[in-house]
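Dear colleague,

Please find below the structure that I am handing over to you. My notes on it follow directly after.

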Amino acid sequence: MGVNRREFIKGTTALGTAFIVGFHLQTKGMAAKLEKNDPLEPNAFIKIDKDNTITFILGQVEMGQGTYSTIAMCIADELDAHWENIIFEPAPVKEVYNMPGMGMMLTGGSYSIRNQQNRVRKVGATLRYMLKQAAAKKWQVRVYDIDTKDSYVINKRTKEKLTYGSLIEDIKNMKLPNDIALKKESEYTLIGKPMKRHPIEVEEKLTGKGIFGIDVRLPNMKYASLIFPKVYGAKIKSFDASQAEKLDGIVKIKQLPNNKIAVIANHWWQAKNARDLVKVQWDNGEFEKVSTANLIKEYKEYFDTDIPVMRKDGDTNNAFKTAHKIVEAEYSFPFLAHAPMEPLNCTISHTGDSAYMSVGGQLQTLYRGTAAKILGIEADSIEYYTNYLGGSFGRRSTPNSDFIIDAAFVSKDEGYPIMTLYSREDEIQSGGSYRPMTLANAKLSIDEKGNITALKTNLVNQSLTRGTPFEAFMLKDGVDALQREGLDDHPYTVASHDMKSFCPQSPVTVDWLRSVGHTVSAPIIENIMDEAAFAADIDPLDFRVKNIKNPRFIKLLKNVAKQSDWYNRKKGSGYGVAIAESFGSIVAFVIKVNVKDKDYKVEKVWGAVDCGFAFNPYNVENQMISAINFTIGLTKYSEITITSGKVDQSNFYDYIVSRQEDAPSLIDIDIINSEEKIGGIGEPGVPPMFAAIINALYDATGKRYTDFPIKIG
């Protein structure tokens with residue numbers, strides 16, 4: 001694409017002012033370099049052709065979360081572009097596309113809309129201003145007499161119209177305005193409206209035109225299947241590939257520097273079959289003696305040791321001595337696989353001092369840099385293409401770049417394109433990277449009026465950032481920042497705290513799962529609060545309102561109470577409430593479960609979400625529905641266990657996720673625009689759902705289920 005060719009974004013700061021400083025076309029020298037029929041590329045985000053084709057170049061990836069559609073809405077609204085005809089292109093790896101404040105291109109942490117909306121809207125608004133100026137000059141009228149709509153400038157008096165594309169020559173040398181005001185909310189035509197997915201994205205996915213990573217096909221392309229250590233930490237002693245090499249289609253079998261073996265073949269199935277004939281001698285090491293039960297025993301022992309302090313304030317000892325009531329609970333959360341529908345893959349073609357890389361990954365800058373280091377070339381020498389992502393839930397944003405490292409080692413110096421592709425079993429079992437197994441306990445005291453006087457917690461799980469580029473600023477004094485999420489910054493008014501955590505070392509590979517630390521902190525906090533409410537003989541929802549000061553939380557709780565007719569519910573009929581803030585948004589749920597024999601089903605969900613402002617309410621609702629169904633499966637079925645150092649599960653028949661029959665019959669989501677700071681929306685629905693299920697099951701059964709996945713009976 002042209003941005004690559006002419007480098008007129010070179011030297012930009014890549015932050016909120018990127019459009020302004022990155023726009024070099026106002027210089028005669030740069031303008032002169034444009035060929036006569038080249039499209040106008042006024043900055044890194046929009047390309048306008050003379051035939052009025054408008055292309056948005058997006059640094060964010062699309063993995064089903066609706067980012068393409070909503071970011072496009074933001075630009076198109078300010079530009080007054082015809083939204084349905086907008087074309088998308090994934091951005092190359094360039095500094096100008098870095099996530100503001102992050103120093104790299106990434107999609108994650110529910111940041112896409114909240115961090116990008118202001119910047120991309122400025123891009124659209126500035127370009128619309130320039131187009132109006134150009135039209136006014138051409139028609140010799142005041143700018144006041146120019147309107148814009150559906151990618152046209154319109155003379156208000158004569159109704160004459162010009163396409164945006166017809167004006168690109170007029171604005172190529174135009175000086176950029178300093179700062180253009182964005183539209184007021186009353187002027188929005190797209191923003192804030194419930195918009196379905198962009199029609200081009202829908203068509204591409206429904207017809208198969210859309211290219212996911214696994215769809216990539218290049219001339220003379222080969223495929224690689226990997227042999228992973230079955231036992232975590234095992235080392236290759238020797239291997240014999242003589243039988244596998246006799247099979248048709250086998251190109252090469254080689255050991256990789258990261259203790260794996262790659263079978264390269266003309267076709268994927270040839271590679272997969274051949275790897276079964278490779279005889280490998282492993283040194284399994286000490287982890288061969290480890291199973292899940294051993295890990296649980298080890299983790300519990302840390303509770304009684306001097307582990308790092310996460311938060312300590314007030315006098316918890318005195319609070320517990322003088323407490324009216326004390327409640328306590330222990331929690332266990334298993335390893336969880338992400339299990340995206342599209343297995344992990346990465347295609348690299350490495351020749352000499354350059355390479356081509358095609359991958360659906362969320363950390364483009366990191367992944368390109370990692371590959372470059374292994375290939376021994378400059379990062380800028382890699383042409384990087386971002387495909388659609390067939391789901392992720394965090395797996396394609398792995399901070400240790402595991403599947404990128406595999407692909408780079410496989411492709412290094414091979415001279416032809418190779419897709420390194422994990423099988424489903426690789427993804428779940430041998431090559432998996434999991435939400436860490438977690439053990440925790442909590443102890444809470446209240447006074448006679450139901451005020452919370454002390455909260456003590458201990459939490460043990462592996463660090464998600466140790467050994468990654470994020471360790472330096474996220475692992476401090478033995479506490480991982482992701483252990484803190486939602487735990488030491490809970491919303492309740494508590495007089496004293498004593499909170500600790502520990503990160504044990506283990507060869508088991510871990511990765512952040514959708515909602516990250518909140519997947520364990522919300523169930524802990526919202527369950528112990530629920531227990532305290534019953535101990536205080538106060539309605540669980542009223543107990544929360546009593547002990548939370550933030551009016552946004554209180555408004556959501558009252559909202560879901562009204563939605564669910566909470567105060568008229570039949571006691572013991574399976575109703576549970578929970579609320580949590582994560583990624584800048586607050587979500588409250590009331591749910592109803594039906595318990596029958598040794599099974600349960602989430603029947604109804606009433607939810608309220610405050611993300612500041614919903615740029616696309618339809619997408620917000622979709623993300624809530626997605627989070628609810630995603631969490632039901634994790635709560636009810638999913639777990640990764642280890643026996644003799646190996647993962648027991650391998651595919652969807654033994655690693656079960658939500659199925660259609662698990663979907664609630666009612667999901668009622670109320671979106672509240674509080675006009676507070678914009679929050680994320682892809683992840684915040686998950687944490688309170690975990691907690692609401694626990695609390696609803698207690699209402700239905702009288703028993704607290706705090707070991708996940710939850711088994712009745």
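The notes below cover a pocket, a helix and two single residues.

Please bear in mind that this is a predicted model.

The pocket in question is the second largest, with a volume of about 820 Å³. Its lining consists of 34 residues, of which Tyr232, Asn400, Pro507, Val508 and Thr509 are closest to the centre. By class, 15 of the lining residues are polar, 13 are nonpolar and six are charged. Two helices, H12 (402-411) and H13 (424-430), each contribute at least two residues to the lining of this pocket. H12 provides the largest share, three residues.

The helix is H18, which comprises the 14 residues 551-564. At 1.5 Å a residue, H18 should span 20 Å, and the distance of 20 Å between its end C-alpha atoms agrees with this. Is H18 enclosed or open to the outside? Since 10 of its 14 residues are buried, H18 is largely enclosed by the rest of the structure. The buried residues of H18 are Arg552, Phe553, Ile554, Leu556, Leu557, Asn559, Val560, Ala561, Gln563 and Ser564. These buried residues pack against helix H17 (540-547) and against four strands: S23 (575-582), S24 (585-596), S25 (599-610) and S28 (666-671).

Both ends of H18 have a local feature to note. At the start of H18, a side-chain oxygen of asparagine 550 comes to within 2.9 Å of the backbone nitrogen of arginine 552. Just after H18, aspartate 565 adopts a positive phi of about 55°.

The first single residue is glutamate 414, located in the loop that joins H12 to strand S17 (418-421). Buried means under 20% relative accessible area, and glutamate 414 therefore counts as buried at 12%. Apart from its neighbours within four places in sequence, glutamate 414 is in contact with Lys252, Lys254 and His350. Histidine 350 lies 64 residues from glutamate 414 in sequence, yet their C-alpha atoms are 6.7 Å apart in space.

The other single residue is threonine 438, which belongs to strand S18 (residues 438-446). With 1% relative accessibility, threonine 438 also counts as buried. Its side chain reaches the backbone oxygen of proline 436 at 3.2 Å. Neighbours within four places in sequence aside, threonine 438 is in contact with Tyr331, Ser332, Phe333, Leu459, Val460, Asn461 and Val520.

With kind regards

Technical notes:
Residues are numbered from 1 along each chain as its sequence is written. This is a predicted model: local features need pLDDT of at least 70, side-chain atom pairs count only at pLDDT 80 or more; totals for chains, interfaces and linings use all residues. Side-chain values use heavy atoms; hydrogens and water are left out. On a 1 Å grid over the protein atoms alone, a cavity is a set of points where a 1.4 Å probe fits but cannot get out, and a pocket is an open set with protein on both sides within 12 Å along at least five of seven lines; lining residues have an atom within 4 Å of a point. Grid points are joined across faces, edges and corners, and a volume is the space filled by probe spheres set on the points. Ala, Val, Leu, Ile, Met, Phe, Trp, Tyr, Cys and Pro count as nonpolar, Asp, Glu, Lys and Arg as charged, and the others, Gly among them, as polar. The expected span of a helix is 1.5 Å times one less than its number of residues. Buried means under 20% relative accessible area, exposed over 50%, partly exposed in between (1.4 Å probe, protein chains only). Contact means heavy atoms within 4.5 Å. A polar contact is a pair of N or O atoms within 3.5 Å; within protein, one must be able to donate a hydrogen and the other to accept it, and residues adjacent in sequence count only if both atoms are side-chain atoms.
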